[in-house]
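Biologist: I'd like to learn how to read a structure like this one. Can we go through it feature by feature?

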Amino acid sequence: MTEIFGIPIQAFLGQLMLGLVNGAFYAMLSLGLAVIFGLLDIVNFAHGALYMVGAFAAWIMLEKWGINYWIALIVAPLIVGALGVVIERLFLKRLYGLDPLYGLLLTFGLSLILEGIFRDQYGVSGQSYPVPDALAGATNLGFMVLPNYRAWVVLASIVICLGTWFLIERTRLGAYLRAGTENAKLVQAFGVNVPLMVMLTYGAGAALAAMAGVLAAPVIQVTPLMGSNLIIVVFAVVVIGGMGSILGSVVTGLGLGVIEGFTRVFYPEASNVVVFVIMAIVLMLRPAGLFGKEA
Amino acid sequence: MANELLRIENLNAWYGESHVLHGVNLNVAEGEVVSLLGRNGAGRTTTLRAIVGLTGRRTGSIRIRGQEAIAMAPHKIARLGIGYCPEERGIFASLSAEENLMLPPSVGSGGMSVAEIYGMFPNLKERASSPGTRLSGGEQQMLAVARILRTGARLLLLDEISEGLAPVIVQKLAETIRTLKAKGYTIVLVEQNFRFAAPLADRFYVMEHGKIVREFAQRELQANTAMLQEFLGV
Amino acid sequence: MNTTTQTATVAPADTAPPSSTPRAATGISPLTRYAYVALLALAIVAPMAGLYPVFGMKLLCFALFACAFNLLLGFTGLLSFGHAAFFGMAAYIAGWLVKAQGWSPELGLLAGIVTGAVLGLVFGLVAIRRQGIYFAMITLALAQMIFFVCLQAPFTGGEDGLQGVPRGTLFGVLPLTSDLTLYYVVLAIFVACFLGIIRVVTSPFGQVLKMIRENEPRAISLGYAVDKYKLLAFVLSASLAGLAGSLKTIVMGFASLTDVHWSMSGEVILMSLLGGVGTFFGPVFGAGIVIALQNMLADRVGAWVTVIIGAIFVVCVLAFRKGAVGELHAWLERRRSRG
Amino acid sequence: QYSGDVIRIGIITDMSSVYADIDGQGGVEAIRMAIADMGGAINGKKIEVLSADHQNKPDVAATKAREWFDTQGLDMLIGGTNSGTNLAMAKVAAEKKKPFIAVGAATSALTNDQCTPYTLHWAYDTTALAKGTGAAVVKQGGKSWFFLTADYAFGHQLQADTTKVVEANGGKVVGSVRAPLNASDFSSFLLQAQGSKAQILGLANAGGDTINTIKAANEFGITKTMKLAGLLVFINDIHSLGLKTTQNMYLTDSWYWNQNQETRAWSRKFFDKVKRMPSSLQAADYSATTQYLNAVKTAGTDDAEKVLDVLKKAKFNDVFMKNGWVRGDGRVIHDMYLMQVKTPEKSTEPWDYYNVVQVFKGEEAWTTKAESKCSLWK
Amino acid sequence: MPGEIILETKGLTKEFKGFVAVNNVDLQVRRGDIHALIGPNGAGKTTFFNLLTKFLAPTRGTITYLGTDITHERPAQTARRGIVRSFQISAVFPHMTVLENVRAALQRNLGTSFHFWKPERSLYHLHDRAMQLLAEVDLQNFVDELTVNLPYGRKRALELATTMALEPDLMLLDEPTQGMGHEDVHRVTQLIKKVSAGRTILMVEHNMNVVSSIADRITVLQRGAVIADGPYAEVSRNPQVIEAYMGSADTELQGAH
Ligand SMILES: Nc1ncnc2c1ncn2[C@@H]1O[C@H](COP(=O)(O)OP(=O)(O)OP(=O)(O)O)[C@@H](O)[C@H]1O
Ligand SMILES: Nc1ncnc2c1ncn2[C@@H]1O[C@H](COP(=O)(O)OP(=O)(O)OP(=O)(O)O)[C@@H](O)[C@H]1O
Ligand SMILES: [Mg+2]
Ligand SMILES: [Mg+2]
């Protein structure tokens with residue numbers, strides 16, 4: 001049997017595949033963070049909580065009203081997006097022009113609130129969301145048995161990421177977004193309805209997080225804490241990528257997912273810290289991150 | 001007098017707690033070039049910013065083509081046909097020079113074409129794909145002016161546009177303003193560089209401590225040199 | 001430690017009116033000094049008047065932690081989201097040395113300071129070159145790494161925590177078993193550190209920190225190697241956080257994963273924010289509120305405790321960014337400028 | 001005779017975080033039921049209960065405990081879930097010389113190297129879990145094992161204990177992988193487990209980690225080739241995962257609500273109040289309170305030493321255990337049960353989840369004297 | 001000694017992704033001169049300054065200061081050698097008083113800036129020198145004012161005072177009169193003249209009135225390269241300069257402002 005780094009090639013490819021699946025979640029979440037950070041200059045600490053709310057929304061829809069996965073995949077992000085809009089109108093709006101650290105602290109508080117409410121309502125051991133029938137089962141790829149659902153996750157996330165990238169880097173709306181990031185007032189003085197744009201961007205970022213949540217629901221247990229466990233790793237991903245470009249966050253997300261996956265094989269004890277170690281190394285070599293622009 | 005395009009009455013404006021404009025009154029007719037003069041900190045920039053809605057609180061009345069704009073959001077004001085070129089230029093780093101140029105949405109018909117603009121500022125053409133803030137100071141200034149000429153705005157608010165430009169470019173800008181005037185554009189010019197503004201403007205307002213203190217026309221320029229000496233040290 | 005710079009008495013007519021932004025305090029006004037003396041007197045008699053000493057000690061430990069944190073956020077302008085790492089790691093190291101190696105409490109505390117300093121140096125070297133929220137995220141991520149190390153390292157006892165650390169005998173003469181004795185020891189350490197922080201902020205070094213906060217490129221162009229100053233500030237802050245952590249271990253008798261968890265970093269931010277970032281006494285006040293609140297909420301609201309803490313965060317950020325002490329300062333300032 | 005003229009019981013447990021479901025508010029309710037069953041008073045002295053959320057923070061737990069002992073005249077403290085908080089509370093109680101009953105903590109340290117004369121460990125511990133599942137599963141034919149272990153002290157301990165038992169019973173451990181805590185995705189570790197071709201996958205982890213492992217094991221079809229053995233799984237975990245995912249899994253617990261007439265009757269009463277079937281810990285909360293109050297009644301005082309004396313000589317018979325008793329190290333000795341999760345078809349009602357496969361009688365479930373480092377039990 | 005070459009660049013070049021912003025510049029600055037650097041927009045003047053102060057690393061070439069190669073030093077090191085730059089935008093510490101701003105610069109040479117245990121009192125002896133410097137730029141009446149509250153021109157004056165506090169041998173000024181009213185332009189020009197005594201000044205300036213009235217020597221850049229270099233009178237008649245910089249209207253380097 002052929003081996004790579006002392007493990008059979010089958011296992012190697014299998015682990016690569018699994019790494020990509022996790023990377024897909026990192027990519028989608030860091031993408032939303034980057035979009036929100038870009039335009040609102042806010043590090044959205046609540047991103048993890050919104051991801052969790054997305055997953056719960058899907059679960060509640062299924063449990064209470066029997067609404068299926070495919071509809072939830074559209075509706076849950078819409079609901080959470082609307083929640084994002086409300087959050088932006090009620091809270092974030094009041095922080096524009098202040099030190100971005102306040103945004104971080106406010107969203108930190110919001111994530112505690114959201115998490116607390118769901119804890120109170122649904123407990124913490126979590127809920128189980130079944131894999132949709134159409135994607136049930138697994139495909140034997142020869143080197144591994146890949147559950148169909150996981151393949152779908154990778155596919156869906158890549159499509160979402162590329163779509164977002166195109167929207168922001170290649171369209172006029174994207175140009176408004178990027179310009180608004182730097183000087184929203186001026187863009188508005190040119191005749192662009194910036195407050196609306198900002199509101200919708202936060203909504204869209206929240207919706208992206210929620211969509212990641214729905215995609216994750218069948219894979220991991222839906223619990224109130226699922227977001228806060230993930231968000232710090234995503235922060236590290238963002239720091240490594242450098243928030244410089246949308247594409248950067250996607251590539252970094254996928255890449256780190258894979259690296260983390262292999263750590264689980266070669267040195268599982270370190271798999272929780274490997275992302276942080278990489279972060280430290282990258283920052284020593286490139287303080288602005290891999291794709292970040294030098295300040 | 002021709003149609004009144006802009007009429008400002010008793011305009012007060014604040015930055016946070018600090019009260020900067022104390023009852024500004026001025027009016028601009030269609031097709032006119034008006035220059036605001038004054039020392040540093042007199043409130044000229046603030047007047048322009050107040051017109052487009054970029055100060056904090058403001059009170060009084062700003063009528064643009066008869067329409068009250070004091071309570072409007074900035075993007076609505078812009079859509080009345082105003083182009084604003086800010087003092088600090090406001091070039092966007094994350095956009096290329098060309099994207100910067102194309103950024104402001106059209107707010108009227110008959111804006112300059114990109115080819116015309118590049119003809120006027122060849123530097124911009126050369127640096128079109130460079131990130132906006134990588135342009136030199138002067139190039140950024142050109143870009144800031146060029147950007148609003150594209151939008152078809154008929155009322156231009158220009159803040160210190162000759163700043164930091166080589167004399168040769170300053171001359172070119174002066175020509176441009178003459179051309180625009182000939183085409184019927186209305187322009188409010190805020191200039192520190194009196195020699196640049198003097199021959200261009202039809203009328204002058206002098207500001208001091210957030211108020212208009214004098215107003216005179218081009219032909220009264222000679223008669224007012226003593227006064228200008230006093231106010232501006234020219 | 002009086003300040004040289006009184007409010008401008010000569011404001012020539014051609015200058016703009018004074019800005020609304022309050023002066024960052026560089027020193028201590030006489031009024032404040034009386035307030036501190038009164039508070040200290042209060043702290044000295046409090047256990048006699050019914051303050052529960054263990055609660056008092058815990059409060060002082062966290063107040064020290066918050067002051068250490070605020071040295072960085074309030075006086076250097078760096079938001080660290082990873083201070084739990086210094087606090088918690090020092091708590092473990094000190095606890096382990098005292099318990100397993102039989103070190104005396106003062107050596108344990110010293111080890112806590114060193115632990116904080118060393119970790120602070122490492123964090124600093126990685127994070128200091130980035131600013132603002134990047135700095136926050138990097139420190140958060142590094143602290144998470146320390147959390148996992150503490151979780152897996154054998155000497156920490158994992159989820160059980162490091163339990164049963166004896167209080168020992170201070171300098172071999174003063175047994176700390178009595179709550180009251182220990183309370184006064186903790187109070188003395190706290191007061192010393194508090195005064196030390198004031199000194200640091202007003203020192204020549206503190207002046208440079210202020211420059212960095214105000215206009216970093218300018219400080220660079222004046223020839224200050226700002227990264228080194230920030231690093232020193234970071235190490236000082238981390239050392240004090242380490243002292244707070246190890247002191248807490250001596251007081252409570254254990255160190256646990258809570259001490260290194262990122263929510264602890266969040267808590268210390270909340271304390272500073274609530275009391276007033278960039279004020280000397282604010283963090284102490286904030287620590288008092290948070291600790292008292294946790295203690296009270298523990299019996300009453302169940303799952304809502306996180307919701308309430310979160311809501312306090314939101315309200316603080318939206319409405320009281322200056323914090324309680326900061327608002328008080330601002331109010332006094334307004335009264336003075338009116339009167 | 002009675003300090004403060006009331007008998008005051010306190011419970012400090014997780015009410016808001018990861019373990020809130022298995023004890024939490026439900027545990028407090030169980031204690032109230034015990035007090036009500038006592039008639040609310042003993043010799044005319046009122047029985048009161050204090051409860052607090054330790055938020056899984058040992059310092060909150062310890063401060064609260066200390067404060068209650070010092071200022072509220074607390075007579076007995078019950079420790080809910082989370083080992084760290086329990087160890088901290090045990091220290092405080094020992095210092096204050098008051099009885100402390102650890103109900104929800106898993107760590108056997110409470111009655112081993114950190115034992116005190118005032119600590120009673122009521123429901124279960126890691127040793128019992130390891131012994132139970134390890135021995136029984138091998139006897140059921142699961143000879144070769146692979147461990148997926150939470151990478152911290154608790155997981156290591158559980159794996160080591162279980163390995164000993166498995167090997168002692170003629171089984172074999174073919175491999176293990178240490179997964180970090182909260183590693184939301186376990187598929188990679190499971191793939192490694194599958195590669196080992198072992199019959200049994202031992203889950204030496206807890207809470208969310210266990211749940212996510214089980215989920216992924218299903219998704220990747222690992223449950224088709226291996227049987228899962230959960231070393232620390234509560235009924236609430238099964239409830240949230242559902243039977244489809246958990247069917248046929250082995251686990252050990254100290255109690256199950258659907259064992260007999262008595263347990264069912266009590267559980268339905270509990271269900272009416274809490275809308276959930278009781279976990280073993282909640283039943284143990286009831287039991288601990290009941291036995292403590294019985295002892296107070298017998299002793300005619302709430303004086304700690306006297307009540308502890310009575311407790312340490314008593315036989316406990318209640319809905320949670322039969323013929324239970326306190327060993328020298330503070331360990332409460334009672335039966336433990338190996339369960340297998342039912343298939344969805346076999347389950348007749350909500351919460352009807354287990355078949356009891358085997359019962360471990362008394363002493364055989366717990367640490368032996370030879371293994372113990374408790375100085376009180378020599 | 002005056003006349004000595006204090007700063008010299010040889011073949012200094014900076015490329016940005018293939019675009020040459022500074023092209024093979026050989027420049028010599030003599031001690032005691034006010035040396036002006038002019039040129040059309042985008043000629044590379046600011047970039048050149050950035051190279052001298054190490055805010056950018058050169059692609060090629062060397063920078064020599066008093067005979068020492070400083071091409072690869074860090075910004076702070078260069079600053080400590082006495083090469084100090086003022087910014088194109090005003091750079092002050094807004095929420096410190098005017099006095100503290102100057103003291104901030106004086107403090108650097110004290111060598112106690114890492115002494116976190118010393119009281120603020122240990123800085124008070126700098127106040128006399130600070131007052132002296134402030135008097136030089138006419139700010140003696142604003143000593144205790146918070147800097148944010150100063151008008152623009154005064155801020156520039158303060159910046160100059162702060163820069164002088166560093167005892168620079170070589171001052172680099174990037175458009176020192178930009179954005180100023182005529183009064184301020186005049187004052188700052190005189191100020192520059194005044195402080196140039198015993199120092200060397202290299203400045204970028206578009207205002208030809210300023211250049212013509214105080215510059216001893218002028219270098220003209222175009223497209224990154226030097227096209228003329230010499231005393232004002234000579235350079236101002238160079239047809240290439242007139243073509244590139246002045247435009248055709250005037251035949252002499254007249255004030256653009
Ligand atoms: N963002 C701001 N916040 C507070 N005060 C401001 C702000 N911008 C300007 N000011 C103050 O408002 C007054 C008027 O400023 P303004 O910029 O309108 O002056 P100006 O006449 O354009 O002068 P300049 O030549 O400096 O551009 C000044 O005293 C200035 O200090
Ligand atoms: N970081 C950069 N990346 C790419 N191009 C740059 C960068 N910095 C400057 N340039 C380009 O280099 C050229 C020189 O710029 P520089 O700022 O030095 O000009 P300048 O002489 O100071 O002009 P001005 O008088 O307009 O300020 C310009 O064309 C500019 O677009
Ligand atoms: Mg202006
Ligand atoms: Mg320039």
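Modeller: Let's start at a ligand. A polar side-chain atom of E:His206 sits 2.9 Å from an oxygen atom of ligand 2. Keep in mind that this is a predicted model.

Biologist: Between which chains does ligand 2 lie?

Modeller: To place a ligand, look at which chains its neighbours come from. Ligand 2 lies between chains B and E. It is surrounded by 19 residues, and the closest are B:Ser136, B:Gly138, E:Lys45, E:Thr46 and E:Thr47.

Biologist: Which backbone atoms come up against an oxygen atom of ligand 2?

Modeller: Check the backbone as well as the side chains. On the chain B side, a backbone N or O atom of B:Gly138 is 2.5 Å from an oxygen atom of ligand 2. From chain E, a polar backbone atom of E:Ala43 is 3.2 Å from an oxygen atom of this ligand.

Biologist: And ligand 1, how many residues surround it?

Modeller: Ligand 1 has 14 residues around it, with B:Asn40, B:Gly41, B:Thr45, B:Thr46 and B:Glu87 the closest. Now go atom by atom. B:Thr45 puts a polar side-chain atom 2.5 Å from an oxygen atom of ligand 1, and B:Glu87 has a polar side-chain atom 2.6 Å from an oxygen atom of the ligand. With B:Gly43 the backbone does the job: one of its N or O atoms lies 2.9 Å from an oxygen atom of ligand 1.

Biologist: Let's move to a protein contact. How many residues do chain A and chain B each bring to it?

Modeller: Count each side, then look at the area. Chain A brings 18 residues and chain B brings 24 residues. The area buried between the two chains is about 1,800 Å², and carbon and sulfur atoms give 61% of that.

Biologist: How many salt bridges cross the interface of chain A and chain B, and which side chains meet there?

Modeller: For this one, look for oppositely labelled partners on the two chains. The rule finds 1 salt bridge across that interface. It joins the side chains of B:Glu99 and A:Arg178, at 2.9 Å from N to O. Helix H6 of chain A (residues 172-189) supplies the largest share of the side that touches chain B, 12 residues. By class, that side of chain A has 9 nonpolar, 4 polar and 5 charged residues.

Biologist: Now a single residue. Is A:Arg264 buried or exposed?

Modeller: Compare its relative accessible area with the cut-off: under 20% counts as buried. A:Arg264 comes out at 4%, so it is buried. Its place is in helix H9 of chain A (residues 246-266). Leaving out residues up to four places away in sequence, A:Arg264 touches several others, including A:Asn22, A:Ser271, D:Asp185 and D:Phe189.

Biologist: What about C:Gly50, buried or exposed?

Modeller: The cut-off at the other end is over 50% for exposed. C:Gly50 has a relative accessible area of 60%, so it is exposed. You'll find C:Gly50 in the loop between helix H1 (30-45) and helix H2 (53-76) of chain C. Sequence and space are worth comparing too: C:Gly50 and C:Met252 are 202 residues apart along the chain, and their C-alpha atoms are separated by 20 Å.

Biologist: How many helices and strands does chain C have?

Modeller: Chain C comes to 14 helices and 2 strands. Of its 339 residues, 62% are buried. Take the contacts in chain C between residues at least 6 apart in sequence: 77% of them join residues at least 24 apart.

Terms used:
Residues numbered from 1 in each chain as written. Chains lettered and ligands numbered in written order. Predicted model: local features only at pLDDT ≥ 70, side-chain atom pairs only at ≥ 80, totals over all residues. Heavy atoms only, no water. Contact = heavy atoms within 4.5 Å. Buried area = accessible area lost by both parts, 1.4 Å probe. Salt bridge = Lys/Arg side-chain N within 4 Å of Asp/Glu carboxyl O. Helix = DSSP H or I, 4+ residues; strand = E, 2+ residues; numbered from the N terminus. Nonpolar A, V, L, I, M, F, W, Y, C, P; charged D, E, K, R; others polar. Buried < 20%, exposed > 50% of the residue type's maximum accessible area, 1.4 Å probe, protein only. Near = heavy atom within 4 Å. Polar contact = N/O pair within 3.5 Å; in protein donor to acceptor, adjacent residues only side chain to side chain.
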